[in-house]
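Trainee: Please take me closely through one part of this model, and show me how it sits within the rest of the chain.

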Amino acid sequence: RGRIYIGELSYSSGPDNTIPAIKLSENLQKLGFKLRRFKTGTPPRVNGHTIDYSKTQEEPGDKTPRHFSFESKDSDYLKYQISCWMTYTNPVTHKIIRNNLKRSPMFSGQIKGVGPRYCPSIETKVVRFADKPRHQLFLEPEGKTTHEIYVGDFSTSMPEEIQLKMLHSVAGLEHAEMMRPGYAIEYDVIDPWQLRHTLETKKIKNLFTAGQMNGTSGYEEAAGQGLIAGINAALRAKGKPGFTLGRDEAYIGVLIDDLVTKGTNEPYRLLTSRAEYRLILRHDNADLRLTDYGYKLGLISDERYAKFEEKKKHIAEAKTKLASITIHPTDEVQKYLKTIGGGKMKAGTKADVFLRRPKVRIDDIERLTGMQISDDRYVKEQVEINIKYAGYIKKEQVQINRLHRQEAKKIPADIDYEAIDGLATEARQKFEKIRPETLAQAERISGVNPADLAILSVYVQNGHYSKVTK
């Protein structure tokens, strides 16, 4: 039930003028699903050939490749590097926006849906942060085979002619040709507490949902859900148990658990601050956390898995090598420590202990000892992080072990919360609405206090529960 807004113009449509799914919303409501109305937006696209890049600041990619895929090659990355460019709005841009707020659907009352807190429209930013003289904009190429440039952080639903004036007031965009206008879009979402962690709906067996219709905003959020929903739909078709990821295993696990346990009142964005176990959920160990799952599910080839096993072997060998090498307090070592602001060495120490010092890198150890620990920079990175942060990681693992014990305590699906004496009314209502699957999930529901959790825990562990009356 998508609806696009561009100034006074509004029409039924999906994103980028795709066909809206009107009947889908109607049928979901008839089946008893609770729907919400959300809103997101998109910025105008401009012709890259009409931008004066001399007035903007180049934002190149990393010189050292940081791949999303562990199958990517450095040579491919460097071959296809395309820079982004940064520019800024200014008081003239802000004046154009303020003078035309009455024509913005965001401020005229046309749009009723709730918008995303963490990526507001440029109109909202100008109003909400009236003291700021400028806001940065990223000019992002849409791809290698198009001249279309995405004007990041310039999301707007102003009329087209106003959008053009806004663009032309920005340094570098004075003569920019607008290829597509920005717009706001309202759409329906399923309240996500109606889903299981597998992203199967609680109301209808075998129906899995993913993406923005689950209440999220963002490409990565949608892709992560699509992956899990697709895996589980395939497993169900094969008659196999469902697959879920925990909050300690992946950001996807955090995302889905937040949605189904807490729900959301606005388009949800997955911020790293939402995760409790950020020392474990790192970019460098994503393959170590998830490749085994992928292989067991049939998503990882034998060739890729063999490379993964090889990497694990090299990590173990590098750790063993560091533990066997002794760093002696030679003049060269003392001089090196002085250059990095470290204290003097009084006696020899093993290389893995030496590596715990701030600013000491494996490359430095190789230079000082003349021994190669590894020729793989990803192996070195993994070993350095594990050794330097070992104490902190161990503390976090203690918390994770506690979480696993709570996750192991299952709550019967047919429990009758009305039969449990002593529960606070708010806790009883939220337990009934969300129907948590484990005590750990129950603990994460907002409004549930420790006393409620203790009562539920005792009740479940004693096996005194009644079936929900039909």
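Mentor: What follows begins with the whole chain, then dwells on a sheet and its surroundings, and ends with some helices elsewhere.

This is a predicted model, in which local features need pLDDT of at least 70 and side-chain atom pairs count only at pLDDT 80 or more, whereas totals for chains, interfaces and linings use all residues. Residues are numbered from 1 along each chain as its sequence is written, and side-chain values use heavy atoms, with hydrogens and water left out.

The protein has 18 helices and twelve strands, each a DSSP run numbered from the N terminus (H or I of at least four residues for helices, E of at least two for strands). Its C-alpha atoms fill a box of roughly 75 × 75 × 45 Å along the principal axes, and of its 470 residues 43% are buried, that is, under 20% relative accessible area, where exposed is over 50% and partly exposed lies in between (1.4 Å probe, protein chains only). Among the contacts with a separation of 6 or more, 68% join residues 24 or more positions apart, a contact being heavy atoms within 4.5 Å.

The sheet is open and has six strands in the order β5-β6-β7-β8-β4-β9, with antiparallel pairing; two strands pair if DSSP finds at least two bridges between them. At its edges lie β5 (57-59) and β9 (178-180), each of which pairs on one side only, and from one strand to the next the twist averages 35 degrees. Within this order, β4 (residues 45-47) and β8 pair in the antiparallel sense over three bridges, and N47 has E148 of β8 as its bridge partner. Helix α6 packs on the sheet, where it touches β4, β8 and β9, and its direction makes about 135 degrees with that of β9; angles run from 0 to 180 degrees between N-to-C directions, and axes are lines fitted to C-alpha atoms, for helices over the stretch in contact.

The loop between β8 (148-152) and α6 (160-168) holds D153, whose phi is near 70 degrees, a positive value in a residue other than glycine. Most residues other than glycine have a negative phi. D153 is partly exposed, at a relative accessible area of 37%. A similar case may be found at N17, in the loop between β2 (9-12) and α1 (22-30): its phi is near 65 degrees, again positive in a residue other than glycine, and N17 is exposed at 53%.

Away from the sheet, α9 (residues 286-296) and α10 (residues 302-324) pack at an angle of about 145 degrees, their axes 11 Å apart. Here D287, L288, T291, D292 and Y295 of α9 meet D302, Y305, F308, K311, K312 and I315 of α10. By class this contact has five nonpolar, one polar and five charged residues, where Ala, Val, Leu, Ile, Met, Phe, Trp, Tyr, Cys and Pro count as nonpolar, Asp, Glu, Lys and Arg as charged, and the others, Gly among them, as polar.

Helix α10 also takes part in the surroundings of α13, whose buried residues pack against α10, β11 (326-327), α11 (331-339), α12 (351-354) and α14 (377-388). In α13 (residues 362-369) the buried residues are I362, D364, I365, E366 and L368, and just after this helix G370 takes a positive phi of about 75 degrees.
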